[in-house]
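Visitor: I have the model open and a few questions about how its strands and helices are arranged. Can we walk through them?

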Amino acid sequence: MADTKKEQERDELHRAIWAIADDLRGSVDGWDFKSYILGFMFYRYISENLTTKINKDEWDAGDLDFDYAKLSDEDAEVAREDMVQTKGFFILPSELFCNVRKAAKDPEATFKNKDGNVRSVVENLNEKLEMVFQNIENSANGSESEDDFNGLFDDIDVNSNKLGATVAKRNDKLVKLLDGIGEMKLGDFQENTIDAFGDAYEYLMGMYASNAGKSGGEYYTPQEVSELLTRLAVAGKSEINKVYDPACGSGSLLLKAAKILGKEHVRQGFFGQEINLTTYNLCRINMFLHDIDFDKFDIANEDTLVSPQHWDDEPFEAIVSNPPYSIKWEGDDNPVLINDPRFSPAGVLAPKSKADMAFIMHSLAWLATNGTAAIVCFPGIMYRGGAEKKIRQYLIDNNYVDTIIQLPANLFFGTSIATCIMVLKKSKNENKTLFIDATNECVKVTNNNKLTLENIQKIVDTFMAKEDEVQYFSRLVPNSEIAEQDYNLSVSTYVEPEDTREKIDIKVLNAEIKEIVAREQVLRDEIDKIIAEIEEGNDE
């Protein structure tokens with residue numbers, strides 16, 4: 001019953017997004033559209049979040065008729081300091097999503113712009129929204145949450161020509177956006193049976209997979225893969241100090257730890273680094289939408305490999321990541337990097353044309369002694385030679401590789417690559433590495449494969465059990481054998497695939513051939529008789 005409700009909510013959300021896409025079609029492309037819809041969803045959410053908090057406080061105090069959305073801006077100011085301190089931001093009643101949406105259709109509605117001039121909301125909705133977004137960001141200035149709100153709305157350009165050639169046309173699109181988001185039955189994000197924001201993000205990526213699913217080697221991580229990675233990283237634990245992703249994208253991987261363990265069991269919070277500014281903004285928005293308080297996440301906008309943040313932080317007990325595949329980086333062009341304590345232990349840097357192993361070494365350096373890192377990898381790094389082989393040798397000889405998992409192909413939007421997962425640990429009990437062949441652990445959905453909960457459970461159970469061998473599926477291999485195999489970490493080297501071809505019984509086959517030959521002889525004799533009869537008839 002719960003699954004049916006979940007699917008109904010998801011279908012309803014998808015229909016709502018598709019309806020908005022129809023309204024914007026031809027003016028805003030997929031990638032920009034994603035920023036608009038998620039940005040407006042965020043605006044609606046924080047408006048409702050703040051209103052709910054203030055209303056609850058007043059109701060608890062006995063004023064059951066109180067409604068913050070109906071309060072004057074002047075009277076609301078008394079709540080500003082407390083809300084910035086507790087929620088990290090503040091929104092005046094007139095600037096709440098519901099009230100701006102209502103004013104956008106009210107010919108009598110006005111506002112004062114930043115110059116103090118009175119303007120019509122209907123005619124200047126873009127200006128009103130720009131001012132609202134700026135005011136929300138500015139409300140955090142000088143507080144602990146300032147960095148978390150700074151630039152959050154930068155990717156929502158309400159004055160963009162992509163929305164329309166004239167102000168009137170842009171405002172028409174903005175009204176449709178407000179209405180579309182306002183009509184979405186998102187309910188309470190904490191009680192919804194689906195991850196509304198995450199599902200909306202994934203659905204949008206699917207809609208525009210041809211031009212938005214892949215960007216500079218980056219692939220969006222489907223929620224099922226996020227689930228698997230996180231369950232591997234927190235396996236056997238009921239709580240962790242914190243979770244980290246060095247290429248965090250929109251933060252979906254980080255937030256899986258909150259879903260699996262409960263956010264209260266991620267004691268110090270959620271940490272990540274993201275090089276792309278737009279995605280960095282979406283990640284911070286995602287944290288808020290999942291009710292992660294501003295003091296419980298630390299997301300940085302820098303290049304992880306050459307400008308890592310969180311140097312001085314306590315190492316992480318859980319690291320999850322799907323870093324960009326085989327992108328270029330500075331490598332040995334930067335003479336400082338070979339002495340970087342993250343990379344120097346291996347004695348060699350990842351190739352300049354393939355940064356995959358640099359992300360692996362970075363994650364290992366940030367990993368706690370009792371921690372686990374689960375990282376999606378491009379398959380080539382498991383067998384290529386040169387510097388990558390030397391890094392594999394360092395990892396195996398020091399017993400840091402816990403498990404290698406071969407995933408099915410076609411799991412990710414925009415690529416059919418059959419990726420792998422490398423699981424790292426610093427405190428293993430024995431000098432062996434587990435190899436799991438999960439190539440067939442999926443179901444086909446349209447053009448992509450998908451991991452089911454049963455598939456995920458089977459992989460995690462095998463990972464936890466560490467049996468010597470499960471025929472055709474997994475094998476626990478001594479590191480000495482891996483060394484003999486020239487440090488090749490491809491799963492197919494160690495796990496024999498099941499031969500699914502139909503088995504042939506030679507005795508039965510021979511009997512069938514003998515029968516066919518005998519039958520052939522009977523047919524030949526019959527043909528000879530017919531020919532003889534025909535010839536006799538001709539002679540007469």
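Visitor: In what order do the 10 strands of the open sheet run?
Guide: This is a predicted model. Its 10 strands form an open sheet with mixed pairing. The order is β7-β6-β5-β8-β9-β11-β10-β12-β16-β15.

Visitor: Which strands stand at the edges of the sheet?
Guide: Look for strands with a single partner. Each such strand has one side left without a neighbour in the sheet, because nothing pairs with it there. The two are β7 (297–300) and β15 (469–470).

Visitor: Which residue of β16 is the bridge partner of Leu-434?
Guide: Strand β12 covers residues 432–437, and strand β16 covers 474–478. The two run antiparallel and are joined by five bridges. In β16, the partner of Leu-434 is Leu-476.

Visitor: At about what angle does helix α16 run to β12?
Guide: Helix α16 spans residues 453–465. It lies across β10 (401–406), β11 (420–425), β12 and β16. Its angle to β12 is about 165°.

Visitor: Are α14 and α15 roughly parallel or roughly antiparallel?
Guide: The axes of α14 (residues 356–366) and α15 (residues 387–397) come within 10 Å. They cross at roughly 25°. Angles under 35 degrees count as roughly parallel. The two helices are therefore roughly parallel.

Visitor: How many residues of the contact of α14 with α15 are charged?
Guide: From α14 come Met-357, Ile-360, Met-361 and Leu-364. From α15 come Glu-388, Ile-391, Arg-392, Tyr-394 and Leu-395. Seven are nonpolar and none is polar. The charged ones number two.

Technical notes:
Residues are numbered from 1 along each chain as its sequence is written. This is a predicted model: local features need pLDDT of at least 70, side-chain atom pairs count only at pLDDT 80 or more; totals for chains, interfaces and linings use all residues. Side-chain values use heavy atoms; hydrogens and water are left out. Two strands pair if DSSP finds at least two bridges between them. Helices (H or I, at least four residues) and strands (E, at least two) are DSSP runs, numbered from the N terminus. Contact means heavy atoms within 4.5 Å. Axes are lines fitted to C-alpha atoms, for helices over the stretch in contact, and angles run from 0 to 180 degrees between N-to-C directions. Angles under 35 degrees count as roughly parallel, over 145 as roughly antiparallel, 65 to 115 as roughly perpendicular and the rest as oblique. Ala, Val, Leu, Ile, Met, Phe, Trp, Tyr, Cys and Pro count as nonpolar, Asp, Glu, Lys and Arg as charged, and the others, Gly among them, as polar.
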